[in-house]
Amino acid sequence: MSFTLRSVKVPPNSVSLDEARHRVFDFFRAACRSIPTVMDIYNLNDVVAPSHLRSVVAAEIRKHASVTNPKVIDMLLFKAMEELNNITEHAKQRHHIIGQYVVGREGLMQDTGAKDQGASNFLKDFYKTNYF
Amino acid sequence: MASLSQSSTAFSASFKPTLACSSRVSSLKSVSFSITGKRFPSLTSRPGRFQVSCSAKPETLNKVCDIVKKQLALPDDTAVTAGSKFTELGADSLDTVEIVMGLEEEFGISVEEESAQTIATVQDAADLIEKLVEKKA
């Protein structure tokens with residue numbers, strides 16, 4: 001099996017928030033550069049555009065944008081690298097990718113239309129994410 | 001007679017690699033044209049080593065502006081000029097990196113980390129793209 005791509009070595013913790021920021025951007029660049037491979041592996045060429053996947057990755061990073069502890073950032077990056085490795089070494093399947101990253105980004109809060117029409121914009125943003 | 005034939009074969013052998021080289025070069029050129037989709041003038045009027053700051057082609061600049069607008073979800077009437085900084089347009093650092101990745105994909109280039117740190121305005125991005133595209137072609 002080709003699970004040798006997984007990087008089991010854990011780099012030492014970031015010294016400062018700045019170093020953690022650099023690691024986040026390096027991870028983002030690595031993820032963006034592997035998007036063409038991912039689209040090739042899972043045959044997503046007709047389903048989604050690379051720019052959409054890029055914005056999904058950016059949204060995931062932004063979800064934790066207010067974290068200031070470098071160790072927490074390192075932990076999140078470790079999980080992100082693990083996920084990226086899983087995806088690029090084809091340990092996932094097409095429906096995983098489509099369900100988690102292409103469709104249904106609202107999570108469990110599906111907009112049922114008639115029920116939520118009276119809701120204000122504030123409520124809609126509140127349901128979507130913590131940071132608005 | 002024998003020496004003549006030998007020299008003629010030597011000549012033909014020496015011609016073959018150059019033919020192969022030239023065909024390889026021409027095929028490379030055609031591949032690069034199909035990727036970029038536009039014709040470069042073979043002789044630009046740029047002097048020797050000088051890097052003129054306003055040397056980005058207008059179509060490159062337009063493409064960069066389009067990508068920036070789409071990325072930051074700006075309405076169409078926002079003025080995105082060459083000198084506008086990304087932070088002025090409402091982009092944070094992650095947006096800047098994402099814009100650079102979008103430009104990498106659009107132009108088929110690869111930007112190093114150090115160069116990506118120095119990009120602050122639309123003009124910087126367009127110039128860097130020009131440099132990398134020329135180096136690649």
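Modeller: A salt bridge is a side-chain nitrogen of Lys or Arg within 4 Å of a carboxyl oxygen of Asp or Glu. By that rule, five salt bridges cross the interface of chain A and chain B.

Biologist: What kind of model is this, and how are its parts numbered?

Modeller: This is a predicted model: local features need pLDDT of at least 70, side-chain atom pairs count only at pLDDT 80 or more, and totals for chains, interfaces and linings use all residues. Residues are numbered from 1 along each chain as its sequence is written, chains are lettered from A and ligands numbered from 1 in the order in which they are written, and side-chain values use heavy atoms, with hydrogens and water left out.

Biologist: What makes the pair B:Glu104 and A:Arg33 a salt bridge?

Modeller: Their closest N and O atoms are 2.6 Å apart. That is within 4 Å, so the pair qualifies.

Biologist: Which helices of chain A supply at least two residues each to the side that touches chain B?

Modeller: Helix H1 (17-33) and helix H3 (50-63) do. H1(A) gives the largest share, eight residues. By class, that side has six nonpolar, two polar and six charged residues. Here Ala, Val, Leu, Ile, Met, Phe, Trp, Tyr, Cys and Pro count as nonpolar, Asp, Glu, Lys and Arg as charged, and the others, Gly among them, as polar.

Biologist: How many residues does each chain bring to the contact?

Modeller: Chain A brings 14 residues and chain B brings 15 residues. Contact means heavy atoms within 4.5 Å. The area buried between the two chains is about 1,300 Å², with 54% from carbon and sulfur atoms. Buried area is the accessible area (1.4 Å probe) that two parts lose on being put together, summed over both.

Biologist: What makes A:Arg62 and B:Asp95 a salt bridge?

Modeller: The closest N and O atoms are 2.8 Å apart. The limit is within 4 Å, so the rule is met. A:Arg62 lies in helix H3 of chain A and B:Asp95 in helix H3 of chain B, so the pair joins two chains. Helices are DSSP runs of H or I with at least four residues, strands are runs of E with at least two, and both are numbered from the N terminus.

Biologist: How do you know that a polar contact joins the side chains of B:Asp95 and A:Arg62?

Modeller: The polar contact is 2.8 Å. The rule asks for a pair of N or O atoms within 3.5 Å; within protein, one must be able to donate a hydrogen and the other to accept it, and residues adjacent in sequence count only if both atoms are side-chain atoms. The pair fits, so it counts. Across the interface, six residue pairs are in polar contact, both residues at pLDDT 80 or more.

Biologist: Why is B:Asp95 called buried?

Modeller: Its relative accessible area is 11%. Buried means under 20%, exposed over 50%, and partly exposed in between (1.4 Å probe, protein chains only). The value is under 20%, so B:Asp95 is buried. A:Arg62, at 27%, counts as partly exposed.

Biologist: Which residues are linked with A:Arg62 in a network of salt bridges?

Modeller: B:Asp92, B:Asp95 and B:Glu98.

Biologist: What makes A:Asp74 and A:Arg23 a salt bridge?

Modeller: The N to O distance is 3.6 Å, so the pair passes. A:Asp74 lies in helix H4 (residues 70-88) of chain A and A:Arg23 in helix H1, so the pair ties together parts that are 51 residues apart in sequence. A:Asp74 counts as buried at 10% relative accessibility, while A:Arg23 counts as partly exposed at 21%.

Biologist: Where do A:Arg21 and A:Asp18 lie?

Modeller: Both lie in helix H1 of chain A, three residues apart, about one turn of the helix. Their side chains meet in a salt bridge at 3.8 Å, N to O.

Biologist: How do you know that A:Asn43 is exposed?

Modeller: Its relative accessible area is 51%. That is over 50%, so A:Asn43 is exposed. A:Asn43 sits in the loop between helix H2 (35-41) and H3 of chain A. It has a positive phi of about 55° although it is not a glycine.

Biologist: Why is A:His90 called partly exposed?

Modeller: At 46%, A:His90 falls between the two limits, so that is its class. A:His90 is in the loop between H4 and helix H5 (94-102) of chain A.
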